[in-house]
Amino acid sequence: MSVNNESENKLAPRAWNNHSSYKTFEEADAARGAFLEKNIKMQAKIKRRHAKGTFSLKTRLLAEFIKQEKKKRGKSKRRNKKNSNGGKFDASSAV
(Lines give C-alpha, C1' and ligand atoms only; values in the text may rest on other atoms or scores of the structure.)
Protein backbone atom coordinates (compact mmCIF):
# COMPACT_ATOMS: atom_id res chain seq x y z
CA MET A 1 0.00 0.00 0.00
CA SER A 2 1.40 3.40 -0.92
CA VAL A 3 1.31 6.47 1.27
CA ASN A 4 0.17 9.75 -0.25
CA ASN A 5 2.38 12.67 0.69
CA GLU A 6 0.99 16.17 0.45
CA SER A 7 4.40 17.41 -0.69
CA GLU A 8 4.33 15.29 -3.86
CA ASN A 9 4.42 17.12 -7.16
CA LYS A 10 0.87 17.18 -8.57
CA LEU A 11 1.87 18.15 -12.13
CA ALA A 12 1.01 15.95 -15.09
CA PRO A 13 3.78 13.55 -16.11
CA ARG A 14 6.14 14.80 -18.80
CA ALA A 15 6.09 13.06 -22.15
CA TRP A 16 8.97 11.06 -23.65
CA ASN A 17 10.13 11.62 -27.26
CA ASN A 18 10.95 8.69 -29.54
CA HIS A 19 14.60 8.99 -30.49
CA SER A 20 15.27 5.76 -32.41
CA SER A 21 14.46 2.02 -32.65
CA TYR A 22 16.77 -1.01 -32.52
CA LYS A 23 16.37 -4.73 -33.11
CA THR A 24 18.21 -5.84 -29.95
CA PHE A 25 18.48 -4.53 -26.42
CA GLU A 26 22.28 -4.47 -26.65
CA GLU A 27 22.17 -2.07 -29.63
CA ALA A 28 19.68 0.15 -27.83
CA ASP A 29 21.75 0.12 -24.63
CA ALA A 30 24.91 1.14 -26.54
CA ALA A 31 22.99 3.96 -28.23
CA ARG A 32 21.60 5.10 -24.88
CA GLY A 33 25.12 5.26 -23.41
CA ALA A 34 26.41 7.27 -26.36
CA PHE A 35 23.39 9.59 -26.22
CA LEU A 36 23.79 10.28 -22.49
CA GLU A 37 27.51 11.07 -22.92
CA LYS A 38 26.67 13.79 -25.47
CA ASN A 39 23.54 15.13 -23.72
CA ILE A 40 24.03 15.59 -20.00
CA LYS A 41 20.81 17.59 -19.61
CA MET A 42 18.68 14.70 -20.92
CA GLN A 43 17.18 11.46 -19.64
CA ALA A 44 17.00 8.31 -21.74
CA LYS A 45 15.22 4.99 -21.37
CA ILE A 46 14.73 1.87 -23.43
CA LYS A 47 11.20 0.63 -24.01
CA ARG A 48 10.42 -2.80 -25.40
CA ARG A 49 7.85 -2.76 -28.19
CA HIS A 50 6.21 -6.18 -28.11
CA ALA A 51 4.15 -5.89 -31.29
CA LYS A 52 7.12 -4.97 -33.47
CA GLY A 53 9.72 -6.99 -31.58
CA THR A 54 12.02 -3.96 -31.29
CA PHE A 55 13.42 -1.69 -28.60
CA SER A 56 12.82 2.06 -28.64
CA LEU A 57 15.15 4.67 -27.22
CA LYS A 58 13.10 7.44 -25.63
CA THR A 59 14.45 10.76 -24.39
CA ARG A 60 13.39 13.91 -22.52
CA LEU A 61 14.91 16.89 -20.72
CA LEU A 62 15.69 16.60 -17.03
CA ALA A 63 13.07 18.22 -14.81
CA GLU A 64 15.50 20.84 -13.49
CA PHE A 65 16.07 22.28 -16.98
CA ILE A 66 12.39 22.81 -17.82
CA LYS A 67 10.83 26.24 -17.38
CA GLN A 68 7.89 26.07 -15.04
CA GLU A 69 5.15 28.47 -15.94
CA LYS A 70 3.43 30.11 -13.01
CA LYS A 71 -0.31 30.31 -13.20
CA LYS A 72 -1.87 33.70 -12.63
CA ARG A 73 -4.08 33.81 -9.62
CA GLY A 74 -6.69 36.26 -8.51
CA LYS A 75 -8.58 38.86 -10.42
CA SER A 76 -6.97 40.70 -13.29
CA LYS A 77 -6.20 44.42 -13.08
CA ARG A 78 -8.36 45.10 -16.11
CA ARG A 79 -11.37 43.60 -14.37
CA ASN A 80 -10.82 45.72 -11.26
CA LYS A 81 -10.32 48.96 -13.18
CA LYS A 82 -13.25 51.38 -13.09
CA ASN A 83 -14.59 52.66 -16.38
CA SER A 84 -14.17 56.45 -16.08
CA ASN A 85 -15.95 57.47 -19.29
CA GLY A 86 -18.96 55.19 -19.03
CA GLY A 87 -22.04 55.26 -16.87
CA LYS A 88 -25.24 57.22 -16.53
CA PHE A 89 -23.85 60.29 -14.75
CA ASP A 90 -22.49 63.11 -16.94
CA ALA A 91 -19.75 64.90 -14.96
CA SER A 92 -19.48 67.81 -17.44
CA SER A 93 -23.06 69.00 -16.82
CA ALA A 94 -22.60 69.20 -13.03
CA VAL A 95 -22.36 72.63 -11.41
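Modeller: Let's fix one term before anything else: buried means under 20% relative accessible area, exposed over 50%, and partly exposed in between, with a 1.4 Å probe and protein chains only. By that rule, 13% of the 95 residues of the protein count as buried. The model is predicted, so local features need pLDDT of at least 70 and side-chain atom pairs 80 or more, while totals for chains, interfaces and linings use all residues. Residues are numbered from 1 along each chain as its sequence is written, and side-chain values use heavy atoms, leaving out hydrogens and water.

Biologist: OK, why is Thr54 called buried?

Modeller: Its relative accessible area is 16%, and the cut-off is under 20%, so Thr54 counts as buried.

Biologist: And what does Thr54 touch, not counting residues up to four places away in sequence?

Modeller: Tyr22, Lys47, Arg48 and Arg49; contact means heavy atoms within 4.5 Å. Thr54 itself lies in strand E3, strands being DSSP runs of E with at least two residues and helices runs of H or I with at least four, numbered from the N terminus.

Biologist: What makes a set of residues a nonpolar core?

Modeller: They must be buried Ala, Val, Leu, Ile, Met, Phe, Trp, Tyr or Cys, joined through side-chain atoms within 4.5 Å. The largest one here has seven residues: Ala28, Ala31, Phe35, Ala44, Ile46, Phe55 and Leu57. Helix H1 (25-38), strand E2 (42-49) and strand E3 (54-61) each supply at least two of them, with the largest share, three residues, coming from H1.

Biologist: Which residues does Ala28 touch, beyond four places away in sequence?

Modeller: Tyr22, Ile46 and Phe55.
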